[in-house]
Amino acid sequence: MHSFGYRANALLTFALTILAFMCAIASFSDNFSNQTPSAQIQILNINWFQEEPHGNDEVSLTLNITADLQSLFTWNTKQVFAFVAAEYKTSKNSLNQVSLWDAIIPEKEHAKFWIQISNKYPFIDKGHNLRGKDFNLTLHWHVMPKTGKMLADKIVMSGYRLPDAYR
Amino acid sequence: MGYIGETIDSIKSIQIRQLLTQAISLGMIVTSALIIWKALMCVTGSESPVVVVLSGSMEPGFKRGDILFLHMSKDPIRAGEIVVFNVDGRDIPIVHRVIKVHERDNTGEVDVLTKGDNNYGDDRLLYAEGQQWLHRHHIMGRAVGFLPYVGWVTIIMTEKPIIKYILIGALGLLVITSKD
């Protein structure tokens with residue numbers, strides 16, 4: 001009962017149990033943080049809007065994104081992954097989501113930002129449905145913890161519209 | 001030398017009944033591990049409820065050696081979710097984020113495009129020949145939680161199988177020579 005093997009085994013089991021318990025508590029503590037993120041997106045310019053040779057519509061936009069995601073960071077946060085997606089409905093598809101831009105925010109200090117860029121990923125439709133289309137721009141964020149449960153949410157901004165004709 | 005003599009004596013003195021009891025307890029341990037695994041598969045609705053991150057394509061969020069807990073529900077797949085999928089013909093699961101979703105109206109079928117956070121381009125290069133989109137049946141689960149570093153045990157055992165054999169050999173020896 002008191003050999004080295006038994007003692008090492010008991011110690012290791014206890015250490016692992018305590019470690020697992022601490023990870024669970026760390027993850028649970030994330031539930032108590034008060035989160036009030038805010039964001040605004042403006043479309044500065046439609047750079048071009050045309051039909052691809054393979055037949056799908058493609059549009060290039062310049063976006064102005066302002067956001068304050070500092071309240072999402074807790075002591076258990078490793079990084080926040082933020083991205084902007086365009087969401088719209090077409091006659092064939094009930095929902096289309098196309099990611100236009102994303103960024104990894106590693107620290108709280110970088111979570112309040114203002115950026116002006118053209119879309120990082122091509123905004124391509126499956127078909128020719130984009131002329132005159134109303135769409136929402138949604139800022140999604142995904143909080144990735146140091147350990148435990150991941151959390152994702154979004155802010156939906158509506159009221160954007162693509163031009164009626166190709167440019 | 002005395003230790004070896006003792007070990008040989010203990011092997012010789014094993015009775016059949018004791019040996020059978022030990023074999024059954026070993027069988028019980030293996031079976032309960034299997035039951036827990038299958039129960040997890042049922043609860044999470046996914047074929048493999050826990051996966052190990054093998055590549056650096058999702059850094060700095062998920063590093064090689066982290067493990068991810070998966071959950072698969074009937075909820076529709078939406079942009080931003082981290083999904084684990086299998087490409088036709090390859091059996092290594094890939095863990096990446098969904099960046100484009102086109103969901104059809106009536107049937108609920110969905111076309112999905114994924115990309116690793118740390119990769120420059122999207123995953124079309126990883127898909128099968130001529131495949132442009134993933135469909136629901138490719139996706140094994142969504143990542144809902146994670147633990148860092150725990151997966152290194154699996155990676156070491158897969159990449160250096162000699163360690164696996166050494167461990168199993170040592171465990172077997174321990175079972176045979178232990179008095180209870």
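**Exercise 1. Which side chains form the salt bridge between the two domains of chain B, and what else is found at that boundary?**

Solution.

Step 1. The side chains of Glu159(B) and Arg64(B) meet in a salt bridge, with 3.2 Å from N to O. A salt bridge here is a side-chain nitrogen of Lys or Arg within 4 Å of a carboxyl oxygen of Asp or Glu. The model is a predicted one: local features need pLDDT of at least 70, side-chain atom pairs count only at pLDDT 80 or more, and totals for chains, interfaces and linings use all residues. Residues are numbered from 1 along each chain as its sequence is written, chains are lettered from A and ligands numbered from 1 in the order in which they are written, and side-chain values use heavy atoms, with hydrogens and water left out.

Step 2. Chain B is assigned domain 1 (50–148) and domain 2 (149–179); such bounds come from an automatic or database domain assignment. The centres of the two domains, taken over C-alpha atoms, are separated by 31 Å.

Step 3. In contact are 9 residues of domain 1 of chain B and 7 residues of domain 2 of chain B, where contact means heavy atoms within 4.5 Å. Between them, these domains bury about 650 Å², 63% of it on carbon and sulfur atoms. Buried area is the accessible area (1.4 Å probe) that two parts lose on being put together, summed over both.

Step 4. Between domain 1 of chain B and domain 2 of chain B there is 1 salt bridge. There are also 4 residue pairs in polar contact, both at pLDDT 80 or more. A polar contact is a pair of N or O atoms within 3.5 Å; within protein, one must be able to donate a hydrogen and the other to accept it, and residues adjacent in sequence count only if both atoms are side-chain atoms.

**Exercise 2. Where in chain B are the cis peptide bond and the positive phi of Tyr149(B)?**

Solution.

Step 1. The bond from Glu59(B) to Pro60(B) is cis, with omega near -5 degrees. Pro60(B) sits in the loop between β1 (50–52) and β2 (67–71) of chain B. Strands (E, at least two) and helices (H or I, at least four residues) are DSSP runs, numbered from the N terminus.

Step 2. Tyr149(B) has phi near 65 degrees, a positive value in a residue other than glycine. Its place is the loop between β6 and α3 (152–159) of chain B.

**Exercise 3. How many residues does each chain give to the contact between chain B and chain A, and how is that contact built?**

Solution.

Step 1. Chain B gives 28 residues and chain A gives 31 residues. The two chains bury about 2,400 Å² between them, 53% of it on carbon and sulfur atoms. Lys100(B), His102(B) and Phe146(B) supply 22% of the area that chain B buries against chain A, more than any other three residues.

Step 2. The chains share 1 salt bridge. Lys126(A) and Asp111(B) form a salt bridge, their closest N and O atoms being 2.3 Å apart. The count of residue pairs in polar contact between the chains is 14, both at pLDDT 80 or more.

Step 3. β4 (94–104), β5 (110–115) and β6 (139–147) of chain B each supply at least two residues of the side that touches chain A. The largest share, 7 residues, comes from β4(B).

Step 4. Strand β8 (residues 148–149) of chain A is joined to β6(B) by 2 bridges, and the strands run antiparallel. Two strands pair if DSSP finds at least two bridges between them. Gly148(A) stands opposite Phe146(B).

**Exercise 4. What lies between domain 1 and domain 2 of chain A?**

Solution.

Step 1. The assignment for chain A is domain 1 (1–32) and domain 2 (34–161), with C-alpha centres 41 Å apart. Domain 1 of chain A puts 6 residues into the contact and domain 2 of chain A puts 8 residues.

Step 2. The area buried is about 530 Å², of which carbon and sulfur atoms give 42%. Ala26(A), Ser27(A) and Asp30(A) supply 67% of the area that domain 1 of chain A buries against domain 2 of chain A, more than any other three residues.

Step 3. The count of salt bridges between these domains is 0, while 5 residue pairs are in polar contact, both at pLDDT 80 or more.
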